[in-house]
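The following exercises concern a single chain. Please examine the sequence and the model before reading each worked solution.

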Amino acid sequence: MKDIQIMDPKEIIARRVSLEIRPKMLVNLGIGIPTLVSDHLDESMGVFFQSENGVVGLGHRPPEGMTDRHLTDAGGSFTSAVPGASIIDSAFSFGLIRGGHLDLTVLGGLQVDAQGHLANWMIPGVFVPGMGGAMDLVTGAKKVIVAMIHSAKGKSKIVQECNLPVTSQRRVDLIVTEKAVIQPRDDGLHLLETGPGISVDEVVADTDAQLIIEGDVPEMDLSRTT
């Protein structure tokens with residue numbers, strides 16, 4: 001395994017999120033950092049990845065020259081399919097999501113507030129080609145994990161109150177950044193773990209929202225396997 005201290009922040013996030021996935025789960029991975037999560041899972045776990053555009057059983061990105069323009073993920077990137085995969089229409093795909101059949105969704109985020117509300121589908125004034133499945137996923141999946149870089153342009157993305165349009169009124173279940181693992185609960189945001197080489201004081205200083213800290217906070221153990 002790479003030296004954790006020099007690991008890319010996105011890889012830290014993806015590796016830590018992968019530890020939340022259990023065998024045989026049906027999982028949706030959003031665009032961006034979430035797509036990296038599957039790289040850290042053993043195929044023997046039997047995890048099936050679902051995509052809103054109608055694939056259940058997404059595999060890894062195919063090697064150069066082996067891509068199929070008819071087989072892409074929801075973000076339009078080329079993908080492959082594992083043995084036993086299914087191609088379904090959008091109505092069936094969203095039926096899985098809205099019907100509560102997804103065990104987990106991992107989504108990127110623009111902001112998460114002190115109540116655990118996610119904002120990730122648009123920035124006012126910036127062109128958006130479509131809202132995608134984010135609203136349905138946050139509302140319908142059994143568990144929602146936000147995987148995002150802790151700050152953007154020097155500003156914390158974990159804020160006291162979102163100033164961007166909120167994706168859903170449902171509270172997300174876990175926030176994973178390169179600096180922290182944070183769990184939204186009824187009483188606020190609980191700091192569960194710090195990132196590799198990151199102190200609790202650093203996390204607090206780099207987080208706009210107030211964090212609840214109980215006892216000693218451990219550092220992420222990225223040497224663990226699922």
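**Exercise 1: Two lysines in loops**

Lysine 24 is found in the loop that joins helix H1 (9–18) to strand S1 (26–29); helices (H or I, at least four residues) and strands (E, at least two) are DSSP runs, numbered from the N terminus. The model is predicted, so local features need pLDDT of at least 70, side-chain atom pairs count only at pLDDT 80 or more, and totals for chains, interfaces and linings use all residues. Residues are numbered from 1 along each chain as its sequence is written, and side-chain values use heavy atoms, with hydrogens and water left out.

Task: determine the sign of phi of lysine 24 and state whether lysine 24 is buried or exposed.

Solution.
1. Phi of lysine 24 is near 70°, which is a positive value in a residue other than glycine.
2. The relative accessible area of lysine 24 is 65%, and the residue is therefore exposed (buried means under 20% relative accessible area, exposed over 50%, partly exposed in between, with a 1.4 Å probe and protein chains only).

Task: locate lysine 153 and describe its phi and its exposure.

Solution.
1. Lysine 153 occupies the loop between strand S9 (151–152) and strand S10 (155–156).
2. Its phi is positive, about 55°, although lysine 153 is not a glycine.
3. With a relative accessible area of 88%, lysine 153 is exposed.

**Exercise 2: Glycine 195**

Task: establish where glycine 195 lies, whether it is buried or exposed, and which residues it touches.

Solution.
1. Glycine 195 belongs to the loop between strand S13 (188–194) and helix H4 (200–205).
2. Its relative accessible area is 0%, so glycine 195 is buried.
3. Leaving aside residues up to four places away in sequence, glycine 195 touches Glu178, Lys179, Ala180, Glu219 and Met220 (contact means heavy atoms within 4.5 Å).
4. The C-alpha atoms of glycine 195 and arginine 16 are separated by 9.5 Å, while the two residues are 179 residues apart along the chain.

**Exercise 3: The chain as a whole**

Task: state how many helices and strands the chain has, and why it counts as compact as a globular protein of its length.

Solution.
1. There are four helices and 14 strands in the chain.
2. The radius of gyration is 17 Å, close to the 17 Å that the globule rule gives for 226 residues, so the chain is as compact as a globular protein of that length. The radius is taken over C-alpha atoms, and the rule is 2.2 Å times the number of residues to the power 0.38.
3. Of the 226 residues, 48% count as buried.
4. Among contacts with a separation of 6 or more, 61% come from residues 24 or more positions apart.
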